[in-house]
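Student: Please take a close look at one part of this model, the lining of the largest cavity. Which classes of residue make it up?

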Amino acid sequence: MAPVTTPTLTERPAWQALKEHCQAVKHLHLRQLFADDPARGVNFTAEGAGLYLDYSKNRINADTLRLLVQLAEECGLRRRIDAMFNGEKINVTEQRAALHIALRAPEDERIVVDGVNMVPEVHAVLDRMAAFADQLRSGEWRGSTGKPIRSIVNIGIGGSDLGPVMAYEALRHYTTRDISFRFISNVDGTDFKEATSAINPEETLFIVCSKTFTTAETLANAHAARKWILDKLNDVRAVRKHFVAVSTNAAEVSRFGIDTTNMFEFWDWVGGRYSMESAVGLSTMIAIGPGNFQAMLAGFRAMDQHFRSAQFDRNLPVLMGLLAIWHNNFFDTHTIAVLPYDQYLKRFPAYLQQLTMESNGKNITLNGGHVNYQTSPIVWGEPGTNGQHSFYQLMHQGTRLVPSDFIGFCQTLNPVGNHHDLLMANLFAQTEALAFGKTEAEVEAEGTPGWLSPHRSFEGNRPTNTILAERLTPYSLGTMIALYEHSVFTQGVIWDIDSFDQWGVELGKALAQRILRELENINDAPLKHDSSTNALMRRYRQLKGVQS
């Protein structure tokens with residue numbers, strides 16, 4: 001019997017059908033789609049975990065949705081979802097589970113990794129975090145000179161920074177104002193200097209977030225912080241009262257001078273970009289309090305349950321993932337704009353950049369072959385209404401098709417006049433304008449001269465999703481983050497790639513260590529790079545004052 005071969009993605013029947021279907025749909029206009037179905041604005045919606053998704057303003061019809069769901073089924077999405085939730089080692093290149101969902105699991109759930117139920121361990125760490133957060137917030141924890149902590153500085157990079165920064169900004173309304181929170185990630189000394197300006201070392205606690213406690217940028221900043229503390233307090237014992245660690249490497253943490261009883265652990269099945277609800281979120285818990293942190297975890301959990309149980313055609317993460325596939329692979333779009341109409345979410349697009357592009361920026365399939373299709377789109381965005389006065393011109397009248405996610409809340413946390421109605425009016429207006437545009441005839445009917453009407457007309461037919469929640473709370477933030485996590489996972493399953501490794505960041509790191517030694521070498525050592533890199537390094541050493 002001949003061996004059974006699994007078809008590649010582009011050979012699957014649903015993919016071929018979608019390719020043919022796209023030719024029939026791509027020239028349709030949303031004006032016509034809405035005219036043909038007066039209930040379209042209700043029919044193409046879904047709800048889950050307190051979020052409402054309107055995806056009616058995409059160039060799709062019922063056949064599109066049916067074929068996209070068929071593609072998900074042919075790619076084994078349901079099996080892969082179950083594998084993730086069951087703790088199977090779906091991160092194939094590192095032979096690890098991808099169990100960020102265990103970080104928000106209820107205490108009575110069993111999630112087993114290598115024969116060990118991880119849920120009790122997760123909750124033990126959460127309990128330790130809560131006790132420590134209460135000590136900080138109450139003033140019980142004091143610095144080495146007896147003063148309470150008034151400034152928290154989180155030192156990390158990548159997922160150990162982007163998540164905490166985003167969550168702090170998103171939930172600032174719920175934070176204690178008795179303690180200031182700062183974040184250092186960039187190895188540029190400016191980041192360190194500005195973060196430590198105008199704060200008192202006697203009242204400052206550093207949280208060093210590094211799983212291995214060997215991350216070059218994080219350790220460089222951590223040692224700078226250690227020197228900053230010791231230069232001011234002149235007592236090596238002060239390190240134990242002014243530093244805690246989020247890590248798995250007790251030996252290195254201890255060597256740094258941090259008391260390992262103040263080390264909060266996490267696990268190798270937690271990827272950095274999926275870690276903000278683990279001990280990496282310690283600064284978040286201190287800022288918003290353990291109760292609000294638990295509410296955020298409950299939001300994550302609600303979306304997890306929805307993702308695992310809802311039918312694909314009613315499943316918010318699946319729908320958003322499939323629509324991303326539709327635009328990326330069949331309409332040849334290259335980006336997705338994330339446009340939160342809430343100032344608190346100003347760092348949300350940056351957070352999603354790492355989540356999306358580090359997860360799915362891959363060109364190798366799970367079995368080691370090369371893909372022959374586009375994978376991750378580029379994610380970008382800014383809060384509304386600021387973006388409207390920046391890049392929306394391109395979205396409305398530019399030559400590039402930019403699918404966009406609009407995020408809004410029906411209640412504001414900060415009532416000021418009619419500001420919130422104005423904000424939301426802009427959100428709804430932008431999605432309507434992007435969808436339906438304005439014809440030259442309509443422009444001329446308003447009295448615009450014929451020669452000017454092409455400049456003032458809008459083609460429309462630009463795809464958008466709108467996500468609405470009642471209010472920005474810790475719970476709703478958790479649901480939104482999990483929504484995008486699972487959407488990214490859905491896309492990775494369809495593309496047959498590993499969404500949980502990130503080998504692409506390693507080469508640059510290794511080269512940087514070699515180049516660093518060469519830049520610091522005052523001898524006339526020959527440089528052995530390409531001619532461009534050699535010339536740049538010589539110029540740098542010359543202008544820095546080191547002869548090459």
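Tutor: The lining of the largest cavity has eleven nonpolar, seven polar and one charged residues. Here Ala, Val, Leu, Ile, Met, Phe, Trp, Tyr, Cys and Pro count as nonpolar, Asp, Glu, Lys and Arg as charged, and the others, Gly among them, as polar. This is a predicted model, where local features need pLDDT of at least 70, side-chain atom pairs count only at pLDDT 80 or more, and totals for chains, interfaces and linings use all residues. Residues are numbered from 1 along each chain as its sequence is written, and side-chain values use heavy atoms, without hydrogens and water.

The cavity holds about 200 Å³ of space. A cavity is a set of points, on a 1 Å grid over the protein atoms alone, where a 1.4 Å probe fits but cannot get out; lining residues have an atom within 4 Å of a point. The volume is the space filled by probe spheres set on the points, which are joined across faces, edges and corners. Of the 19 lining residues, Ala324, Ile336, Asp405, Tyr484 and Gln491 are closest to the centre. Two or more residues come from each of α14 (316-330), β10, α15 (348-360), β12 and α20 (474-495). Helices (H or I, at least four residues) and strands (E, at least two) are DSSP runs, numbered from the N terminus.

Now β12 itself. Six of the six residues of β12 (residues 404-409) are buried, that is, under 20% relative accessible area with a 1.4 Å probe, protein chains only. Asp405 shares one face with Ile407 and Phe409. Four bridges join β12 to β10 (residues 335-340), in parallel. Leu339 stands opposite Phe406.

Conventions. Buried < 20%, exposed > 50% of the residue type's maximum accessible area, 1.4 Å probe, protein only. Pairing = 2+ DSSP bridges. 1 Å grid on protein atoms, 1.4 Å probe; cavity = no way out; pocket = protein on both sides within 12 Å on 5 of 7 lines; lining within 4 Å.
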